Amino acid sequence: MGWRNAATREPTVTIGPLAPVPADEAGAVDHDVSRETAADGESSDDVSRETAGASEPSAEVSRETVDAVEPHGDPADPAPGQDGPPDSAPLAAALLAEAQRRDRVQQTEVRPPQQPRVLTVANQKGGVGKTTTTVNVAAALAQSGLRVLVIDIDPQGNASTALGIDHHAEVPSIYDVVVEGDELATVLQECPDVPGLWCAPATIDLAGAEIELVSLVARESRLKRAIDHYQQTPGAPGVFDYILVDCPPSLGLLTVNAFVAATEVFIPIQCEYYALEGLSQLLNNIELIKAHLNPVLHVSTILMTMYDARTRLSAQVADEVRTHFPDQVLKTSVPRSVRISEAPSHGQTVLTYDPSSSGALSYLEAAKELASRVPKIEDAQSGSPAGRP
Ligand SMILES: Nc1ncnc2c1ncn2[C@@H]1O[C@H](COP(=O)(O)OP(=O)(O)OP(=O)(O)O)[C@@H](O)[C@H]1O
Ligand SMILES: [Mg+2]
């Protein structure tokens, strides 16, 4: 695997064949995995188990963790060939580790950044967790006391939905800002469940914006102009500490606007083999933007999403990405979690939908890790490739 093709100087990200997983290890669990994960095909089972964990706050650690050590059955059941109850030491250790992790994350303080940070959450591959990451990281930062704005620049409007924001056709939206030139302050709505979290929603109007933008003046920098103007002369919510822009799964003019407006690119990568295909095209585009439109743009953060600890593939993909982007990949990865996928249907982030779930804990941990990392603007300005090692 290499990230740059020596002959063409084209950035490439390839991943070699991954080691086959022995059949008897395919179900092995050596990480913190939630029962949610196991439940993709067993929906009735998973929800009840998660609920059982959530409804027993005194236990602190949900049933999810129980299944991390006992993936093949109820831990109360005797192991095959064993009459009495199984040895509980690994289970106790896992429970303790989970409780300690939760305490550590909750005690970690988040300070406002010295300069407001604008991150574009992008990956032209669809369904890798861009929107999920945007709204949950934003909610976690806001719950930690920061002022956070999510800009939904995806015509699908998924981030607006997930934050419980009204975004039917007549609502003032990011379309009015980017295409009509309205002030950003005129379209902001506060998330009903998370004080301090605001959203510039996307409506269906945005679907035509790619074409309408083509003939407009300064078509690539219209979002940047609006953000800069707002941050210099802020409206009611005040200056935002973090602005996260949720991009569509394409590299059109809306995504270009997001790249020009940001200093940092935040790439969610799904822990599966195909997820890496197309990464080189994304990095190539970021380099072009950096060279021609926004010299400070750099990939600051990569988050591994939908991590399935039962499979070697997830671990191998995460290891490959970490090897090539050691400074960018967050230590925290987000597990595949039914709670995370259920939350948007309730117009909520997982942080408010089920704060005790492993998904909520992971996003809180990822957000705090992101906030603790000082952005390397100087590196970006010194001409190193777009965030590359
Ligand atoms: N950690 C997770 N566990 C389980 N499901 C998840 C997880 N993260 C995301 N999903 C689900 O995967 C689907 C795709 O996620 P999401 O919409 O965030 O991806 P996206 O990259 O924004 O997609 P698009 O490219 O269409 O904008 C959604 O149904 C979401 O609920
Ligand atoms: Mg999305």
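Let me start with the sheet, which in this predicted model is an open one of seven strands, arranged in the order E3-E4-E2-E5-E1-E6-E7 with mixed pairing. At its edges stand E3, residues 189–190, and E7, and because each of them has a single partner strand, one side of each is left without a neighbour in the sheet. As a general reminder, the strands of a sheet pair through backbone hydrogen bonds, and they may do so either parallel or antiparallel.

Both kinds of pairing can be seen around E4, so to speak, if we take its two partners in turn. E2, covering residues 148–152, runs parallel to E4, residues 197–200, and four bridges join the two; within that pair, Val150 stands opposite Cys199, and Ile151 stands opposite Ala200. E3, on the other hand, runs antiparallel to E4 and is joined to it by two bridges, with Glu190 standing opposite Trp198. E3 and E4 form a hairpin that has six residues between the strands, and in its turn Gly196 has a positive phi of about 90°. As for the side chains of E4, Leu197 and Cys199 point one way while Trp198 and Ala200 point the other way, and all of them are buried.

Let me now step back to the chain as a whole. Its secondary structure comes to 16 helices and seven strands, and of its 389 residues, 47% are buried. If we consider the contacts with a separation of 6 or more, 77% of them are between residues 24 or more positions apart.

Where does the largest nonpolar core have its most connected residues? This core has 93 residues, and those with the most contacts inside it are Ala138, Leu141, Ile174, Val245, Ala258 and Tyr363. Helix H15, residues 358–372, gives the most to this core, with eight residues. To take one of the well-connected residues as an example, Ala138 is in contact with Val148, Val150, Leu197 and Leu244, once its neighbours within four places in sequence are left aside. Two of these names have come up already, since Val150 is the residue opposite Cys199, and Leu197 is one of the buried residues of E4.

Ala258, another of the residues with the most contacts in the core, brings us to helix H10, which spans residues 253–261 and is mostly covered, with eight of its nine residues buried. Those buried residues are Leu254, Thr255, Val256, Asn257, Ala258, Phe259, Val260 and Ala261. What covers them includes the strands E1 (117–121) and E5 (242–246), together with the helices H7 (174–178), H8 (209–214), H9 (222–232) and H11 (279–292).

Helix H9 gives us another pattern to look at. Here Arg222, Leu223, Ala226, Ile227 and Tyr230 are buried, and because they cover an arc of only 130° around the axis, they lie on the same side of H9. In general, an α-helix has 3.6 residues a turn, so residues three or four places apart point the same way. The elements that cover the buried residues of H9 include E1, H7, E5 and H10.

Next, the ligand. Ligand 1 is surrounded by 20 residues, of which the closest are Gly126, Lys130, Thr131, Thr132 and Pro249. Helix H5, residues 130–143, and helix H13, residues 338–342, each supply at least two residues of this shell, and H5 gives the most, with three residues. By type, the shell divides into six nonpolar, eleven polar and three charged residues.

I would like to finish with two details of the backbone. Most residues other than glycine have a negative phi. Ala218, however, has a positive phi of about 50° although it is not a glycine, and this residue lies in the loop between H8 and H9. Is Ala218 buried or exposed? It counts as exposed, because it has 12 C-beta neighbours inside 10 Å, and the cut-off for exposed is 12 or fewer.

Met306 likewise has a positive phi of about 50° without being a glycine, and its place is the loop between strand E7, residues 298–305, and helix H12, residues 312–324. With 23 C-beta neighbours inside 10 Å, Met306 counts as buried, since the cut-off for that is 20 or more.

How values were computed
Residues are numbered from 1 along each chain as its sequence is written. Chains are lettered from A and ligands numbered from 1 in the order in which they are written. This is a predicted model: local features need pLDDT of at least 70, side-chain atom pairs count only at pLDDT 80 or more; totals for chains, interfaces and linings use all residues. Two residues are in contact if their C-beta atoms, placed from the backbone, lie within 7 Å. A residue is near a molecule or strand if its C-beta atom, placed from the backbone, lies within 6 Å of it. Ala, Val, Leu, Ile, Met, Phe, Trp, Tyr, Cys and Pro count as nonpolar, Asp, Glu, Lys and Arg as charged, and the others, Gly among them, as polar. Two strands pair if DSSP finds at least two bridges between them. A nonpolar core is a set of buried Ala, Val, Leu, Ile, Met, Phe, Trp, Tyr and Cys residues joined through C-beta atoms within 7 Å. The arc is that of the directions from the helix axis to the C-beta atoms.
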